[in-house]
Each structure stands twice: as C-alpha cells, then as structure tokens.
Amino acid sequence: MYRGAAVDGFYEYLTHNERVFKAQQNPTPGYYAKFCSIVQCSGTGKSRMLTELSKKDVVVIYMNLRGETDKLGFPARDPIPSQILTEFPPTEEAYQTVCYAFFIALFDTLDEYLYTAYPMRKTKGSLMDWVRQICDMSHPPRFTARADFFRKVSERYTKVHGDLHVQVADKGMDTAVDKTANELRRLTLSEPSVHRGVPPDFTARLFTAYKKMAESLEKIFADNSNRPKLVIAVDEAHPLTPVQGTYRPADVFCRVVNEYSHHENHAVWVVFASTTSKVADFSPPNQKHNSDRIAILGEKLFQPYTQLGWDQSASALGDIDIEDVSQLDHIVGYGRPLWLSLKTALTWPKRVLDTASSKLCGGYTFDAGKTNHVLAVLGQRFGLNVTFGHPDSVEHLENGVASHLRICLATTLDRNWRFTSYPSEPLLSFVAANDLHSNPADLGRALGTLLQAVNSGMIDVGQRGELTSRLLWLLAKDLFIRTQAKNVVTTMPSTWEEHVVDCQMIPVVDWLEFIFGPQIWDEEDTQASLAREIFEDAYLNFSHWVCMEANIAGSKAGNELGLYEWTLRHWQRTSAVQCCHQQPLIDKVIPIYFKGGPESASPESRMSHIFISDQARKSTDSKETLHKITRRNKTLSGEGEDKSTPLDSESLPYIAILADLGQPSSLSVTFPERDIQRDRCLRIYAAGVDTATYPFLAKYPALMDTLQDLVHLQQIPEIETPFMEYLNAQVKFGSTATPDHMLWEHGGTVPDM
C-alpha cells in the first residue's frame with residue numbers, strides 16, 4: 001500500500017508547470033520544453049511515486065535506464081528503451097535520428113492503445129486499468145503487459161529508424177559552408193528545426209505522431225484543465241548526462257522534446273528521475289558540455305522536484321511501548337520507505353543493515369580514511385554543517401545525494417546550489433555507529449579525517465562549541481555501551497523483535513559516572529548521594545542529533561507542541577536536539593525517561609530532560625548561565641501554563657550541564673538542599689576538555705585531541721599589550737557604554753601607558 005502525499009505533491013507540481021508553460025507569451029523567451037526532473041537520493045520512493053501517478057488518472061509510460069550490470073536494482077532495467085537510448089552512436093546526428101525515431105514510435109504505439117480503448121466505451125476506465133498493469137512492478141503477469149508494449153515500440157522503432165536513416169543517407173554530407181551555417185543557427189534556440197540541420201520530414205513525422213496520439217488522449221479524458229494527462233517517465237536517467245565524444249545525449253533528447261512541446265499544447269510531460277543532481281542540468285545545446293545548466297536567450301528549465309516525503313511507515317505516537325522504541329521492527333519504519341521495502345524483500349535483518357551500510361558508503365565498506373565516507377557516517381548522526389564557501393562543498397553535497405543517502409531539500413533557481421541534509425533516521429544512525437566502531441582503530445582515524453575537513457573550512461564547528469559538544473556527549477554514549485554498560489545489547493540484531501544497540505535505553509546515572517568518573521557522586525556530600533538516588537530510575541536513548549531552526553517554544557504563532565509531547569516524540573525516535581542559535585540559555589536537549597512510578601502514569605508524565613549549554617570561548621559569567629537554566633522558561637514551555645503538560649512530569653527532576661570548554665579544567669555538581677517539587681535540578685559545571693574533567697578520555701586520546709583541537713579553533717586570541725587593547729577598543733564603538741567604546745576622540749591620541 002502506498003503511503004504519504006508525495007504523489008499528490010508531484011501531481012500538483014506538474015499541474016503548476018503546465019499552467020506556467022501555457023501562460024508564457026511569445027516572443028518572450030519562456031520555458032524551453034515540457035520536461036522536468038526528480039532529484040533525490042536512493043530509497044526515497046522516486047520510482048514508486050512516478051508509477052503511482054496512474055492512480056490519479058495519468059497515463060504513465062515508465063522506463064528504467066539503469067546500467068546493464070546493475071542486476072540488483074529495483075525497479076529492474078527496461079532492456080528495450082535502454083538499448084535504444086543508451087547505446088550511443090558516434091555522432092550527434094546519428095543520435096538525433098535515434099531520438100526522433102524513438103518518440104515517433106512511442107507516440108504511434110501509444111495511439112494504437114488509446115484508439116483501441118476508446119471505441120470500447122469503457123474509455124478512461126479501460127485505459128487506466130492497462131496503465132496500472134504496466135506500472136505494477138510487483139506482479140510478473142502484469143509486468144508482461146509492459147514488456148508487450150515495449151516490444152511493439154521496438155518493432156515500430158526499427159521501421160521508423162530505418163526510414164529516417166535512409167533520408168539522412170539520401171541527403172548526403174553537408175559541405176563545409178553548410179556545416180558552419182548550421183552550427184551558427186544551432187545557437188538560436190527559437191529558430192525552426194529546419195534551420196538546425198534536421199530534415200523536414202523528421203519534424204513532420206514527429207508532429208503527426210504527437211498530434212494524433214494527443215487527440216486520442218484528449219477524446220478519452222475530455223478535459224481542458226492543466227492537470228497532466230501523459231507522463232513519459234525516464235528513471236535512472238543519469239546515463240544520458242555524460243558527454244559522448246562531441247555531444248551530450250541529454251541535450252539531443254531534450255531538443256526533440258522541445259520540438260513537439262511548442263508545436264501543440266497538450267498536457268504531455270517527460271520526467272527524468274535520478275539520484276544524481278546532474279539529471280537536473282539537461283540543457284539546450286548552446287555549448288555541449290556537462291557543466292551547461294541554463295538555456296540561452298533566457299529560455300528556462302523547470303526546477304527539479306525533490307519533495308518525496310519522510311516517515312511514511314513510522315509508528316504513531318503511543319503505538320509502541322515506551323521501553324520498546326529501540327526494537328528493530330519499530331526503528332525500520334522511520335525515514336525513507338526503502339528500509340521497510342527491504343525488510344519485506346530480504347527478510348533477514350543483517351541483509352537489510354548491510355545494504356544500508358553499503359549505500360551510506362557509496363557501495364563500499366566503510367573506510368575511515370576517505371573523506372566522503374567519514375562525512376557521511378558522522379554527518380548522519382552529528383549534524384555536520386557543510387559550508388558553502390569551500391571549493392569542494394558543491395561536489396561533496398552532490399556526491400552525498402548521489403552516493404551517500406544525503407537528502408536534497410531544494411535547489412536554487414539557477415540550480416548551482418543544492419540544499420541538503422541528513423534528516424532524522426534512527427536505523428541509519430545505528431548503521432553509521434556500527435560502521436564507526438566495528439574496528440577500534442577506525443574512530444581515531446575518522447576523527448582525524450573530520451579534523452582535516454574542519455581545518456580546510458569545509459565543516460563548520462559552530463559558534464559556541466556546538467560540534468565539539470555533540471561529539472563529546474554522543475560518542476561518550478557509544479563508548480559506554482560498547483565497554484562498560486551492563487544488561488545491554490551489543491550485537492547486531494538477528495530478528496526484527498530484538499533491540500538495536502545504539503537506540504536502546506541506558507541508565508543516566510551510569511552514563512554520567514562513565515563520563516565524569518565517581519567524582520560526580522561525592523560520597524561525603526549528602527545532596528550528591530540524594531541526586532544519585534533520585535536519578536537511579538532515569539534513562540536516555542539518543543542515537544543521533546536533530547538540529548532545530550527555531551526556538552523550542554515561545555514564538556508569536558504559539559503553535560509549538562507542548563514540551564512533554566515534544567520530548568516524548570524525540571524519545572520515540574531516539575533523537576536528541578541541537579537547539580538553534582537564538583534559543584536562550586541552552587544549546588542541547590537530551591530526553592530522559594523515568595522508569596519508576598505508578599503503572600497508570602502516562603508516557604508524557606515520565607519524561608524529563610538534560611539541558612546542555614555550550615561555551616567554547618572564555619567567559620566570566622558562565623556559572624551564572626548555569627543557574628539560570630530552568631525548564632519553566634517560556635522559550636521551553638511556552639507562554640503561561642502548558643495545559644498539555646502532565647503535572648507529574650513537572651515534579652520530575654532534570655539535569656542542567658554547562659560545558660565550559662574554553663576554561664581550565666574543573667568540575668562542580670550541585671543539587672538543591674531542600675525538596676523543590678517543581679524545580680529539582682542537578683546542575684553540573686564541567687570546564688575544559690581533558691581527563692581531569694572527563695576521565696573517560698584517558699582511554700581515547702584521539703578523541704580528546706580532536707575535541708581540544710576543535711575548541712582551540714574557536715578561541716579568540718587574547719590581546720596581551722595595553723596599546724593593542726586600546727586600539728582594538730576603537731573599532732568597537734557602541735559595543736558597550738564605557739568611554740573605551742564611546743569616545744571616538746581616542747582615535748587621534750596616544751594615551752599614557
């Protein structure tokens with residue numbers, strides 16, 4: 001069963017494109033042709049969305065051009081259209097003949113099916129039954145209907161191509177003058193095709209086949225709206241993009257689409273789909289080179305479609321027991337639909353997880369020395385931010401979408417920039433963690449590779465030590481589970497009911513003690529002992545970080561979820577939160593769950609939090625910040641009383657940590673001396689990044705060195721001389737109200753020092 005609204009979004013997108021194309025006024029340059037593209041990474045449902053268009057009464061002729069050696073890909077390669085379109089002849093003229101013959105044969109064959117359906121008076125219903133058969137990849141007898149259709153296309157193509165080839169031969173070779181004139185005319189896209197060296201009968205036969213098919217289509221649908229009637233879907237279209245000698249097949253193919261698109265206006269679209277963003281760069285042949293993107297004379301191409309949805313198979317909130325959210329059968333439902341499809345097809349969990357690992361690493365085994373592998377494995381869990389200013393950023397992001405499961409969110413109008421990310425996907429987080437820790441030496445090597453990317457300027461470290469902190473807390477959890485945690489799963493699940501290593505819940509007390517050592521629970525301090533006892537039933541389960549773009553609460557719209565439902569939802573998909581830069585006081589939130597209490601207690605009433613504030617630069621008011629952190633702040637709980645907040649949860653204790661990374665090492669822990677029911681907070685001030693504050697780092701020197709290097713990168717050099725300090729203050733007018741920053745007269749004076 002198909003789930004989600006992706007097909008509705010794409011249908012809407014095609015309808016919009018049709019309306020825009022019709023509205024363009026000649027001779028004002030508009031859109032080049034009725035083709036568009038779907039660009040998205042593997043496993044997101046591109047192929048299924050295309051075939052599902054048939055259920056919205058769109059005639060879909062789907063063809064897959066994947067490589068002949070790709071035997072495992074799904075949907076399978078369609079041999080007939082693949083042989084016709086991807087066995088490239090030596091010259092552009094010869095491939096042009098191929099494309100004309102292909103479209104003429106396709107339109108003629110489809111018209112036969114339309115004409116056969118129409119007189120039966122079952123009309124649209126009869127036709128759409130056939131279309132759904134040829135779009136159904138899961139049922140072999142129905143797949144046969146598709147093979148029969150392409151067999152007829154092939155027979156027709158052979159005849160048409162032979163006829164056109166004879167015409168080209170009869171025409172003879174152009175003279176040098178003819179070739180020069182034709183090449184100059186090719187630069188003018190608005191010229192009729194006869195001026196571009198295309199024999200007149202090519203276009204005449206194309207127009208006739210197109211018009212006849214389109215008229216049959218209109219009779220059946222009897223609809224003059226902008227909705228799409230026919231979609232020719234070319235999946236795995238990237239073989240058309242590389243330059244073949246002196247021409248690029250994509251340009252020639254799209255030039256033929258341009259011919260019939262402007263001949264008569266019918267809602268007929270060609271849609272290219274691929275994981276590589278170059279599928280969006282099909283361009284008219286101004287210069288036949290792989291870097292072409294925009295047509296000359298202002299003629300435009302439609303923006304690629306990228307919105308295929310997410311979490312189509314995820315469990316609803318509350319459908320699974322709060323302590324079973326790490327079961328593989330639950331985790332597999334989040335993210336892209338590929339995982340659930342693989343579960344059905346491959347059955348055995350290891351095969352699904354191995355496939356996910358291979359796809360994350362571009363088809364290879366994880367190599368901690370390869371930048372693309374490391375940025376994929378770490379990026380999926382730690383929210384790595386790729387900077388646009390780096391010369392390799394564009395290539396990395398494009399490669400990430402094409403080969404490393406990175407999601408394409410949007411593209412700019414000129415298609416030069418693509419906005420991408422790794423959304424929350426717990427199964428892939430587990431796979432990434434397993435890759436990172438399978439070999440003990442890989443963690444250090446991967447961190448070294450990451451540091452190289454940071455030093456080169458490709459990866460942003462944040463403003464206050466955000467990346468350092470994300471690495472610290474999550475890697476500490478990884479290492480705790482794999483070395484000291486008790487009563488936890490440490491092996492790959494062999495059944496779907498087993499729990500996933502990096503998504504399982506672990507005791508908060510033991511995790512804190514692993515990080516800070518026994519010093520966090522001072523046996524002589526009554527309040528420390530009380531804190532340890534109170535948090536004895538608290539657990540955490542985060543497997544990856546999710547980065548926010550707005551405050552948790554307190555917006556003008558006021559439409560945020562209540563704090564405790566918001567927390568429970570992060571718990572259910574094993575995510576922790578990196579707050580946006582504008583969030584006051586805190587930078588991170590890790591959900592925690594209290595296991596004890598009455599059985600009747602709701603899941604929301606068992607949720608609490610670890611709030612973390614990051615500080616990478618030296619500051620004099622860090623400890624004051626720690627004591628200001630409270631979950632009753634309106635940017636956390638919203639304005640006024642949160643009606644959705646369970647009263648029991650308000651009395652649950654929580655933890656506030658200030659990671660003062662830029663200060664000399666020290667650790668202090670406080671807990672209220674009296675029982676404050678609504679604000680029982682364990683406050684931890686952790687300064688520095690060394691073994692004094694974090695004893696566990698003694699066993700992981702590569703991790704400690706990386707964290708220290710990242711912190712060092714964010715330090716602002718101290719001004720060590722009075723004159724330098726005096727001069728520095730002059731360029732900070734207005735930054736404070738003191739004379740140093742307000743008296744511009746200082747600029748022309750020399751003080752007595």
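Is Cys-547 buried, partly exposed or exposed? Cys-547 is partly exposed, with a relative accessible area of 42%; here buried means under 20% relative accessible area, exposed over 50%, and partly exposed in between (1.4 Å probe, protein chains only).

This is a predicted model, in which local features need pLDDT of at least 70 and side-chain atom pairs count only at pLDDT 80 or more, while totals for chains, interfaces and linings use all residues. Residues are numbered from 1 along each chain as its sequence is written, and side-chain values use heavy atoms, with hydrogens and water left out.

The average pLDDT (the predictor's confidence in each residue, from 0 to 100) is 86 for the protein, and 86% of the residues score at least 70. Residues 173–196 have pLDDT below 50, and this stretch has 33 contacts beyond near neighbours in sequence, a contact being heavy atoms within 4.5 Å.

The whole structure holds zero disulfides, a disulfide being a pair of cysteine sulfur atoms within 2.5 Å. The table gives two cysteines.

| Cysteine | Closest cysteine sulfur | Relative accessibility |
|---|---|---|
| Cys-99 | Cys-254, 9.0 Å | 0%, buried |
| Cys-547 | Cys-579, 9.9 Å | 42%, partly exposed |

Cys-99 forms no bond with Cys-254 because their sulfur atoms are too far apart.

Phe-733 lies in the loop between helix H25 (722–730) and helix H26 (739–742); helices (H or I, at least four residues) are DSSP runs, numbered from the N terminus. At 48% relative accessibility, Phe-733 is partly exposed.

Key: Helices (H or I, at least four residues) and strands (E, at least two) are DSSP runs, numbered from the N terminus.
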